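Work through the exercises below with the structure at hand. Try each task before you read its solution.

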Amino acid sequence: MKKLKLKELESCLQQIDTFESPKLLLEQYPTRPHIAGMDMIFLKTALQMAKTAVYSLHKTSTRQHIQKKADEWEVKMEVIAELRYDLPASYKFHKKKSVDIEVDFVRFSAK
């Protein structure tokens, strides 16, 4: 499996064919959180593909950054719900068995 650089991945994502009129578009990015900016690349691609809206989960602590990006991309961002997510330890170096994180369930749509 070839490892892609961020710009290569972004280029590949832009070449994906879209459905004529999808009723629902799901976003799932299989990346670790330490790959900065990857979630925004996937979100931007989903927004380009969607006809009506994209729903996504984001840490509440990043809300201002997400709003800034939504403004930059000229899309409406609406926080539908504020949730708490129990994130279990997934690496050996994690010290706690799980951590509760605050998450926003967000709807992005055309302005």
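The model is predicted.

**Exercise 1. Get the overall plan**

Task: State how many helices and strands the protein chain has, and in which pattern they follow one another.

Solution.
- Step 1. Count the elements. The protein chain has three helices and three strands.
- Step 2. Read along the sequence. The pattern is α-α-β-α-β-β.
- Step 3. Check burial. Of the 111 residues in the protein chain, 26% are buried.
- Step 4. Look at the contacts with a separation of 6 or more. Residues 24 or more positions apart account for 64% of them.

**Exercise 2. Build the sheet**

Task: Work out the order of the strands in the sheet, and say which strands are at the edge.

Solution.
- Step 1. Take S1 and S3. Seven bridges join them, and the two run antiparallel. Within this pairing, Ala-53 has Ser-109 as its bridge partner in S3. Val-54 stands opposite Phe-108 in S3.
- Step 2. Take S2, residues 75-88. This strand is joined to S3 by 13 bridges, again antiparallel. Here the bridge partner of Tyr-85 in S3 is Ile-101.
- Step 3. Put the pairings together. The three strands form an open sheet in the order S1-S3-S2.
- Step 4. Find the edges. S1 and S2 each pair on one side only, and these are the edge strands.
- Step 5. Add the twist. From one strand to the next it averages 20°.

**Exercise 3. Place the helices**

Task: Describe how H2 and H3 lie on the sheet.

Solution.
- Step 1. Find H2 at residues 38-49. This helix lies across S1, S2 and S3. Its direction is at about 165° to S1.
- Step 2. Find H3 at residues 63-72. H3 packs on the sheet and touches S1, S2 and S3. The direction of H3 makes about 150° with that of S2.
- Step 3. Look at the loop between H2 and S1. Ala-50 has its place there. With a relative accessible area of 19%, against a cut-off of under 20%, Ala-50 is buried.
- Step 4. Compare sequence and space. Ala-50 and Ser-109 are 59 residues apart in sequence, while their C-alpha atoms are 8.8 Å apart.

**Exercise 4. Find the core**

Task: Identify which elements give two or more residues to the largest nonpolar core, and which gives the most.

Solution.
- Step 1. Recall a general tendency. In soluble globular proteins, nonpolar side chains tend to be buried together.
- Step 2. Size the core. The largest nonpolar core has 13 residues. Those with the most contacts inside it include Leu-43, Leu-47, Trp-73 and Phe-108.
- Step 3. Assign the elements. H2, H3, S2 and S3 each give two or more residues. H2 gives the most, with four.
- Step 4. Follow Phe-108. Beyond its neighbours within four places in sequence, its contacts include Leu-43, Leu-47, Val-54, Ile-66, Val-75 and Met-77.

**Exercise 5. Compare two residues of S3**

Task: Decide whether Asp-104 and Val-106 are buried or exposed, and list some of what they touch.

Solution.
- Step 1. Locate them. Asp-104 is in strand S3, and Val-106 is found in S3 too.
- Step 2. Apply the accessible area. Asp-104 has a relative accessible area of 1%, so it is buried. Val-106, at 1% relative accessibility, also counts as buried.
- Step 3. Examine Asp-104. Its side chain makes a polar contact of 2.6 Å with that of Arg-63. Not counting residues up to four places away, Asp-104 also touches Ser-56, Thr-60 and Val-79, among others.
- Step 4. Examine Val-106. Leaving aside neighbours within four places, its contacts include Val-54, Tyr-55, Met-77 and Val-79.
- Step 5. Gauge a distance. The C-alpha atoms of Val-106 and Ile-66 are separated by 9.7 Å, with their positions 40 residues apart along the chain.

**Exercise 6. Classify the aromatic pair**

Task: Is the one aromatic pair stacked or edge-to-face?

Solution.
- Step 1. Choose the descriptors. A pair of aromatic rings is described by the distance of the centres and the angle of the planes.
- Step 2. Name the pair. The structure holds one aromatic pair. The rings of Tyr-55 and Phe-105 have centres 5.7 Å apart and planes at 20°, so the pair is stacked.
- Step 3. Place the pair. Tyr-55 is in S1 and Phe-105 in S3, 50 residues apart.
- Step 4. Check exposure. Tyr-55 is partly exposed at 34% relative accessibility. Phe-105 is partly exposed at 29%.

Technical notes:
Residues numbered from 1 in each chain as written. Predicted model: local features only at pLDDT ≥ 70, side-chain atom pairs only at ≥ 80, totals over all residues. Heavy atoms only, no water. Phe/Tyr/Trp six-rings, centres within 6.5 Å; stacked < 30°, edge-to-face > 60°. Buried < 20%, exposed > 50% of the residue type's maximum accessible area, 1.4 Å probe, protein only. Pairing = 2+ DSSP bridges. Axes fitted to C-alpha atoms, helices over the stretch in contact; angles between N-to-C directions. Contact = heavy atoms within 4.5 Å. Core = buried A, V, L, I, M, F, W, Y, C linked by side-chain atoms within 4.5 Å. Polar contact = N/O pair within 3.5 Å; in protein donor to acceptor, adjacent residues only side chain to side chain.
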